Amino acid sequence: MKNVKIKFLVLAGIVASTIVSCNKDYLELTPEGQVLSANYYSNQEEAYAGLIAVYDILRKNSGGFENMITMMNAGSDDHVAGGGGATDGIGIQSFSNYTQSGTTVPASFWSDHYQGITRANILISRLPDVPMDGNLKLRYMAEAKTLRALYYFNLVRMFKNVPLILEQLTPGNMYSQPQANPSDVYAQIEADLLASINDLPATLPNSELARLTKGAAKALLGKVYLYDGKNALAAAQLADVNGTPGGTSQYGYQLLSNYSDLWVPANKFNSESILEVAHTSAGNSYWGIWGSGRDEGNTVNVMVGPRGYSRPTGSAAPDLPSGWSFNVITQDLYNVMNGDPRFSATIFDLRALKLAGQADYIAGYEDTGYFLAKFLPKQSDVTTGQGDAVLNYRQDTYVIRLADTYLLEAEALGGTGARAQALLDAVRARVGLAPVPVSMDAIKLERRKELAGEGHRFFDLVRWGDAASKLASRGFVAGKHEIFPIPYTELQNTILVQNPNYN
């Protein structure tokens, strides 16, 4: 997260122990002339730098080629991987067509999250001894624990059977970490969030808008409870976040009146945003650091843009730079969205523009002519900085937003009752749609339309038990493809066991 006005500091001692990996040569490197984590955190400034290091893993949502949004979209029924060909990003392609294995799954979805967890673990263990204001120390601790909870939540949803690591590892115990029971991982996530909520601020000054709040932690806890089958607890937490449906909650959250404003790059940290990943075009990211954690731009933008885009003089088509044509939209989602007020903010129908002679493009792999409008790169947002233009888009992305929590609460309520009806009505009313009777089917359909392209659909299908029926034509096998295989590199020289039915 770069919006807290300080540059991310790579602490050599932390980095040397962050990645849960099996590369012994890497583990045995001795950093020379650099600060070790054992000698760090001697004052508030160093503790703050350590906290920013924990936050920085949030970029996994939309930074780098292996980001959560485009990856999770690719495995849903709303998108295919797309790109330049069947081997353009074998990790995203193999998830999209359900041929994943331990050698094709991108290892960073495991290692990056454990990097964040390890940074959090180190900070949590060092904070008690840091000489600094007590209340500020409590806040730092709460932020670190909430981030650790989020990273474990992503891991347990993607891989299910993961080690539960709550302290700094050493070369001596790195290889002997067992996989925990998923219920124990959920219990720890919930414990971290419950321990953190009261020590987080309810609101933030403009200079700190990228940081966690009480509302964000409660929203995450509500979502975790729902995935953990604790619907009554989920509904209670989410109701506290949501407040009166359609109104302004106690934390200042309110649905934007114009749905399309959610996707305006300049509209950062708006009233609907609960947890947001900040990006900047001023970071001057370049190919040499792309995907390393030091790049600060939004990569989803260039990934979803059409290839070789052009338009004739006088065309009414939008002025777009070219992209890489990933996450093209399926005909099925097009049909579902057709006629919905959110269509134009969600789907860029380049097929129609080409047929009308208003624009042209080079068809990519699995092309449908339909592109993801929410993150479509705009010519006006191409950076004029010194970095590589395609790596420096500034659009932020949402991890959690208010319409999401409205529909999660309605689901937690079982899709029935006056409050569930009011929550569903509010999401629909914002885009000018009349009420429909609340039910689980109505909530499922509304989530698909409201949150299309934001990386939620695959997880929703798995949670509902609908993945096998919706994704059978893509090769999805029940009892296997609900989770990723564990990366092959993580199995080497460890006691980790591959997930069921993967070779």
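1. **A cluster of rings.** In this predicted model, ring pairs join Phe 95, Tyr 98, Phe 109, Trp 110, Tyr 114, Tyr 152, Phe 159, Phe 458, Phe 459, Phe 476 and Phe 484 into a cluster. Start the viewing here. Several of the points below return to members of this cluster, including Phe 109, Trp 110 and Tyr 114.

2. **One pair inside the cluster.** Take Trp 110 and Tyr 114. Their rings form a tilted aromatic pair. The centres are 5.3 Å apart, and the planes make an angle of 50 degrees. Both residues belong to helix H6, which covers residues 108-126. They are four residues apart in that helix, so about one helical turn separates them. Trp 110 is buried, and Tyr 114 is buried too.

3. **A second tilted pair.** Tyr 251 and Tyr 253 also make an aromatic pair. This pair is tilted, with 6.1 Å from centre to centre and 45 degrees between the planes. Are these two tyrosines buried or exposed? Tyr 251 counts as buried because its relative accessibility is 10%, under the 20% cut-off. Tyr 253 has a relative accessible area of 6%, so Tyr 253 is buried as well.

4. **The overall count.** How many aromatic pairs are there? The count comes to 27. The pair of Trp 110 and Tyr 114 is one of them, and the pair of Tyr 251 and Tyr 253 is another.

5. **Lysines over rings.** Two cases deserve a look. Lys 60 lies over the face of Phe 109, 4.4 Å from the ring centre. Phe 109 is also a member of the ring cluster. Elsewhere in the sequence, the charged end of Lys 354 sits over the ring of Tyr 361. Here the distance to the ring centre is 5.2 Å.

6. **Cavities.** A search of the whole structure turns up six cavities of 30 Å³ or more. The largest has a volume of about 250 Å³. Its lining consists of 22 residues. Which of them come closest to the centre? They are Asn 61, Met 68, Asn 154, Arg 157 and Val 399.

7. **What lines the largest cavity.** Four elements each supply at least two lining residues: helix H4 (68-74), helix H7 (134-158), helix H9 (214-227) and strand E6 (397-401). Which of these gives the most? The answer is H7, with five residues. By class, the lining of the largest cavity holds 13 nonpolar, five polar and four charged residues.

Terms used
Residues numbered from 1 in each chain as written. Predicted model: local features only at pLDDT ≥ 70, side-chain atom pairs only at ≥ 80, totals over all residues. Heavy atoms only, no water. 1 Å grid on protein atoms, 1.4 Å probe; cavity = no way out; pocket = protein on both sides within 12 Å on 5 of 7 lines; lining within 4 Å. Points joined across faces, edges and corners; volume = space filled by probe spheres on them. Nonpolar A, V, L, I, M, F, W, Y, C, P; charged D, E, K, R; others polar. Phe/Tyr/Trp six-rings, centres within 6.5 Å; stacked < 30°, edge-to-face > 60°. Buried < 20%, exposed > 50% of the residue type's maximum accessible area, 1.4 Å probe, protein only. Lys NZ or Arg CZ within 6 Å of the ring centre and 35° of its normal.
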